[in-house]
Amino acid sequence: MRAGSLCYGPAILVGRLTRFAARLRKPGGGSAVPGLVVNRIAPNYLKRTLSGFPQGLVVVSGSAGKSTTTKMLVAILREHGVDVFTNPSTANISQGLTSALLEQADWRGRVPGEVAVLEMDEGHGALVMQGVDARVVCLTNVMVDQIDRFHDSEMVAGMLGRIAARAGESVVVNADDAYLERLAEKVGPDVSVRRFGVSQSVLDAAPRGLGYTETSTTRLDPAAGVVIDSVEGRTTTLLDEGRRVVAGLPARGTHYAVDAAAAYSTAKAVLGERFSGETAARALDAIPAVFGRGERVTVRGQEVEFVLVQNPASYQLNVDSIEPGTSDILFAIGSDVRDPSYFWPADASSLRRVAIVSGSKAAEAALMLAYDGVGIDRIEPDLARALDDFLAAPAPTAGVKTIVFSADSMRRTRAHLGLTGTE
Amino acid sequence: MSFTIVSLLPTLQNTNGDAQNAQVLAMRARWAGLEADVRAVDDAAVLPDRVDAVVLGSGSDASLEASRERLLGLHDELRRWGTEGVPILGVGTGWELLSWGIETGDGRSIEGLGILPGRAVPRAERVTGDLVVRSPAFGMLVGFENHARDYIGAEGSPLGRVLAGGGNGRDSGQEGVVMGSVFGTHLHGPVLAKNPAFADRLLTIMAERAGVDYTPGGRSEEVDGYAAAARSVQARAAGVEAPDA
């Protein structure tokens, strides 16, 4: 079955040619330009195609965890034998979505797949979703993130509310997030609300809480949704209607278990009777460790751990997870972090010493670390040079060489070190 | 002697990391060989006996009323500190709550605590970005602003003149307000870290009141070098050549 329609043939052709031209200019690079062009000449293509999947559209949005949740959800649905169309996480705004559709589209613009699962930027999603009907919308959480774009949590919740309003069948929410619970109260009478959340013991075991702007005061009743009963290392146990489902996680950390519960609950909403907990667990077990999120790789003969900083909550969690005493840390913040102010409430004092601070925001990052009492050996704004020197230095005296970076610095690091593959 | 720096309402009023300015003051005091502690105060019941400086950060518009309620419980203390010359730094909506009052874009009117002259009034559209200010007392101040309201009635005693950005708005060309040792500014986040001259002015006031000497020391020279680099990058991005950065 295919989503799309004949009348888009000419626009698709132009999009294809644009993509071809863009690749000539920047070999190997993905580009949002073809999407931009098609959105301009065929403004309804995106809406029509998104609304046209036979088993409907599933949208995942929220401040954090949407990439991982989307990947997990897609894996669970595919393990159930469903043909899924999905977008790469970097293509979660309008042009990128259209470009992603074009990658899969035939010459008439039709996209194969029974169901579409899309990760949606919380800011652009409300706009993209205008006139698009979703079956199921999954919302992960509301956190303070990118304040220059989102100003405050009310604004994020408002935008997520507009995305949720497009759901015709179910809205799946994180019951531990008080903003999302308030949002769930407002869904229409024909739309069911499904919930996931952590148990009290899981919450008690998270020393700095869950990181949401406002955490619900009560925990989810196992009779009312999927409860994360425990998280041990890279394994979580979910409680689902009296059954215990044990599943593997792509990395250690409560937030990965929460993402898994979000994906599990959403897959249940999509599949209904066809859903199997064992199949879902098998899919989750098979998800490889995620690049840039606590992954260890061997580069230039050295073991290196990558730690991605996306928002204040993940910054705190990831810094906490770095083994105390680790002697060789490279800390790089790039131009994607327009204003680092909102990272300041996190406490990085456990790092004690950082070998090199780099990236275009190196001075801002050094300032933040210094006032947390972290020693700094060197500031090198040129990330390529910082990486070369960091990797050329002798093996660390304690721990593994660890690179903490923002998303932009991660991309530059990956390009510089010739690392490809999953993101 | 140990300085006690109060971080007021850090739960409600710390969207941008403004509350960490209290940490900046404490750290610089320690680098200078003085003792200092930060105390988080979310209600009057846990107020310490000794208060050497107060930092009140910015929150969301949804929490304006709740924050005002909490601050009313400290109204007498805030007035007394203001009169006695205890340095108070109010940032963003924290500053607005210390003013005569706030008019929001959706028609709410919130009475302020009247510690600082002037009031916050809606502006045509939110201003977000770099803010560079020339201050007679501190030289160039550099930071970020993100606010949906202008500030009127500060014309007599602003913090400085706007070189780039919005500031108080309404064609005033000014940013912030100063009343004795009470400072209000739109410069959010770690304004005192990025502008060490501002931090050291507050620390000097604190030291004079406590009868001790404050001379920046320890890591401050190294760290102020990071601040200078960050200021210079940001001022240039905002189109201002930074002679002192």
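Reader: What comes right after helix 6 of chain B, and what is its phi like?

Author: In this predicted model, helix 6 of chain B is followed by Gly211(B), and the phi of Gly211(B) is positive, near 70 degrees.

Reader: And how many residues does helix 6 of chain B have, and how far does it reach?

Author: Helix 6 of chain B runs over residues 196–210, which makes 15 residues, and from its first C-alpha to its last it reaches 20 Å, close to the 21 Å expected at 1.5 Å a residue.

Reader: Which residues of that helix are buried?

Author: The buried residues of helix 6 of chain B are Pro196(B), Phe198(B), Ala199(B), Asp200(B), Leu202(B), Leu203(B), Met206(B) and Ala207(B).

Reader: Switching to the two chains, how many residues are in contact there?

Author: On the chain A side there are 19 residues, and they are in contact with 27 residues of chain B. Helix 7 (147–150), helix 8 (153–164) and helix 14 (362–371) of chain A each supply at least two residues of the side that touches chain B, and helix 14 of chain A gives the most, with 6 residues.

Reader: What's the make-up of that side of chain A by class?

Author: The side of chain A that touches chain B has 11 nonpolar residues, together with 3 polar and 5 charged ones.

Reader: What about within chain A, which domains does the assignment give?

Author: The domain assignment gives domain 1 (2–285) and domain 2 (293–417) in chain A. Between these domains of chain A, 13 residues of domain 1 are in contact with 13 residues of domain 2, and the domain 1 side of that contact divides into 5 nonpolar, 4 polar and 4 charged residues.

Definitions and conventions:
Residues are numbered from 1 along each chain as its sequence is written. Chains are lettered from A and ligands numbered from 1 in the order in which they are written. This is a predicted model: local features need pLDDT of at least 70, side-chain atom pairs count only at pLDDT 80 or more; totals for chains, interfaces and linings use all residues. Two residues are in contact if their C-beta atoms, placed from the backbone, lie within 7 Å. Helices (H or I, at least four residues) and strands (E, at least two) are DSSP runs, numbered from the N terminus. Ala, Val, Leu, Ile, Met, Phe, Trp, Tyr, Cys and Pro count as nonpolar, Asp, Glu, Lys and Arg as charged, and the others, Gly among them, as polar. Domain bounds come from an automatic or database domain assignment. The expected span of a helix is 1.5 Å times one less than its number of residues. A residue is buried if 20 or more other C-beta atoms lie within 10 Å of its own, exposed if 12 or fewer, and partly exposed in between; C-beta atoms are placed from the backbone.
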